[in-house]
Amino acid sequence: MKLLLIDTDLETDCDDAGALALAHRLVGQGRIRLLATVADTASPWTGAAVQAIQRYYGRSELPVGIRPGPDPEPYRAWLAELRQRNFPFYTRELAESAGVRPGGNFFPEAGVALYRRILAGAPDGGVTCCAIGLTGVLAGLLESGPDDWSPLSGRELVAHKVAELVTMSSASEVDGVEEFNWRMDPVAAARVTASWPGRLTVSSPGGEVLTAPGGAGPAAQAYRRWGGNQTGFRRPSWDLLAVLYAAGLAGAYLERVPGGTVRFEPETGAYHWRRGSGDHGFLRPLRPPLELAAWVQSFLD
């Protein structure tokens with residue numbers, strides 16, 4: 001059974017909510033063990049929405065970490081642009097509907113400290129980190145020093161405990177410009193891709209794989225809010241495919257292709273693959289979008 005740590009920017013898109021719902025359904029089926037979730041944004045409502053989803057699935061005890069500092073400047077600028085468009089932010093609505101109140105009955109941990117605590121108690125090479133959002137807290141983990149949980153530096157702790165980092169990004173197999181997750185926190189993304197001490201997999205498929213969680217839970221509520229209450233609304237499954245791969249369920253639907261080493265330029269947003277040696281790879285779909293969508297949807301209905 002895979003041990004997962006999920007790192008999300010649940011705030012500006014709804015597929016993060018779908019990915020978390022999918023992960024909790026996999027937990028319920030005994031396919032994975034979810035150790036913790038980190039909300040890599042500064043808004044207190046992001047972590048609270050994570051807790052709302054956990055509460056819906058009866059797992060309020062699972063720890064939630066947050067980014068304690070301010071959001072990076074590119075992400076702040078993106079939030080400001082969305083507010084001008086009257087974007088349907090949904091995290092506060094999800095949290096309040098579930099009775100989750102930051103500072104009232106919900107007290108998340110600092111993300112880096114949570115990572116260190118969970119990894120220190122995990123078996124060597126036993127954890128998969130799945131980053132479906134920004135990478136700021138992961139960068140902070142790599143740069144962290146020894147503490148009460150472990151005498152190891154962050155990089156040493158990751159090297160001992162983490163089997164693989166799965167990072168959802170548009171940095172596919174062809175060199176180009178990354179579109180969102182890395183660009184929203186470019187300095188952190190450059191540090192993580194340059195210094196991650198082990199296997200790293202970039203998950204980019206999902207743009208044509210349209211799905212939505214069923215039922216009436218908070219994830220379905222997020223999709224309805226994001227989609228303007230359109231009947232039959234579906235959203236690309238970028239984050240959901242990353243979680244399914246991280247859970248070891250790619251099977252005949254996704255394959256990991258060794259890519260060598262990927263490097264990200266924070267100044268330009270460009271990424272480059274250096275073929276040959278290196279433990280970085282990328283995911284390639286093995287089925288057409290409609291078949292992938294039916295596969296993903298089977299975990300959500």
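A residue counts as exposed when its relative accessible area is over 50%, as buried when that area is under 20%, and as partly exposed in between. On that scale N86, with a relative accessible area of 69%, is exposed. The structure described here is a predicted model. It contains an open sheet of eleven strands with mixed pairing, a largest nonpolar core of 57 residues, and nine aromatic pairs.

**The sheet and its strands**

- The eleven strands follow one another across the open sheet in the order β4-β3-β2-β1-β5-β6-β8-β13-β11-β12-β7, and the strands at its edges, each pairing on one side only, are β4 (109–110) and β7.
- Strands of a sheet pair through backbone hydrogen bonds, either parallel or antiparallel.
- At the β7 edge, two bridges join β7 to strand β12 (residues 270–274), and these two strands run antiparallel; within this pairing, V177 stands opposite A270 in β12.
- Strand β6 (residues 162–168) has six of its seven residues buried, so this strand is largely enclosed by the rest of the structure.
- On one side, β6 pairs with strand β5 (residues 127–131) in the parallel sense over five bridges, and there the bridge partner of A131 is T167 in β6.
- β6 is also joined to strand β8 (residues 200–203) by four bridges, again with the strands running parallel, and the bridge partner of M168 in β8 is S203.

**Helices and what they pack against**

- Helix α1 (residues 15–28) lies across β1 (2–8) and β2 (32–39), and its direction makes an angle of about 155° with β2.
- In helix α8, the residues P186, A188, A189, A190, V192 and T193 are buried, and the buried residues of this helix pack against α3, α6 (136–142), β6, β8, β11 and β13 (280–285).
- Helix α2 (residues 44–56) contains Q54, which counts as buried because its relative accessibility is 1%, below the 20% limit.
- Beyond its neighbours within four places in sequence, Q54 is in contact with H24, T37, R59, S60, L62, P63 and V64.

**Nonpolar cores**

- In soluble globular proteins, nonpolar side chains tend to be buried together.
- Within the largest nonpolar core, of 57 residues, L22 and V296 are the residues with the most contacts inside it, while α1 supplies the largest share of this core, with eight residues.
- When neighbours within four places in sequence are left aside, V296 is in contact with L22, V209, T211, S237, L240, L241 and L244.
- Another core, of 37 residues, lies apart from the largest one, and its members include L3, C129, A131 and F282.

**Aromatic rings**

- One of the nine aromatic pairs is formed by F87 and F89, whose ring centres are 4.9 Å apart and whose planes stand at 70°, so the pair is edge-to-face.
- Of these two residues, F87 is buried, with a relative accessible area of 16%, whereas F89 is partly exposed, with a relative accessible area of 24%.
- The rings of W182 and F264 also form an edge-to-face pair, because their planes stand at 70° while their centres lie 5.5 Å apart.
- W182 sits in the loop between β7 (176–177) and α8 (186–195) and F264 in strand β11 (residues 254–264), so this pair ties together parts that are 82 residues apart in sequence; both W182 and F264 are buried.
- Ring pairs also link F87, F89, W226 and F233 into a cluster.
- Elsewhere, R287 lies over the face of Y253, at 6.0 Å from the ring centre.

**Loop residues with positive phi**

- Most residues other than glycine have a negative phi, and most peptide bonds are trans.
- N86, which is placed in the loop between α3 (73–84) and α4 (91–97), has a phi near 55°, a positive value in a residue other than glycine.
- N229, found in the loop between α9 (218–226) and β10 (235–236), likewise has a positive phi, near 60°.
- N229 counts as exposed because its relative accessibility is 61%, above the 50% limit.

How values were computed:
Residues numbered from 1 in each chain as written. Predicted model: local features only at pLDDT ≥ 70, side-chain atom pairs only at ≥ 80, totals over all residues. Heavy atoms only, no water. Phe/Tyr/Trp six-rings, centres within 6.5 Å; stacked < 30°, edge-to-face > 60°. Buried < 20%, exposed > 50% of the residue type's maximum accessible area, 1.4 Å probe, protein only. Lys NZ or Arg CZ within 6 Å of the ring centre and 35° of its normal. Pairing = 2+ DSSP bridges. Contact = heavy atoms within 4.5 Å. Axes fitted to C-alpha atoms, helices over the stretch in contact; angles between N-to-C directions. Core = buried A, V, L, I, M, F, W, Y, C linked by side-chain atoms within 4.5 Å.
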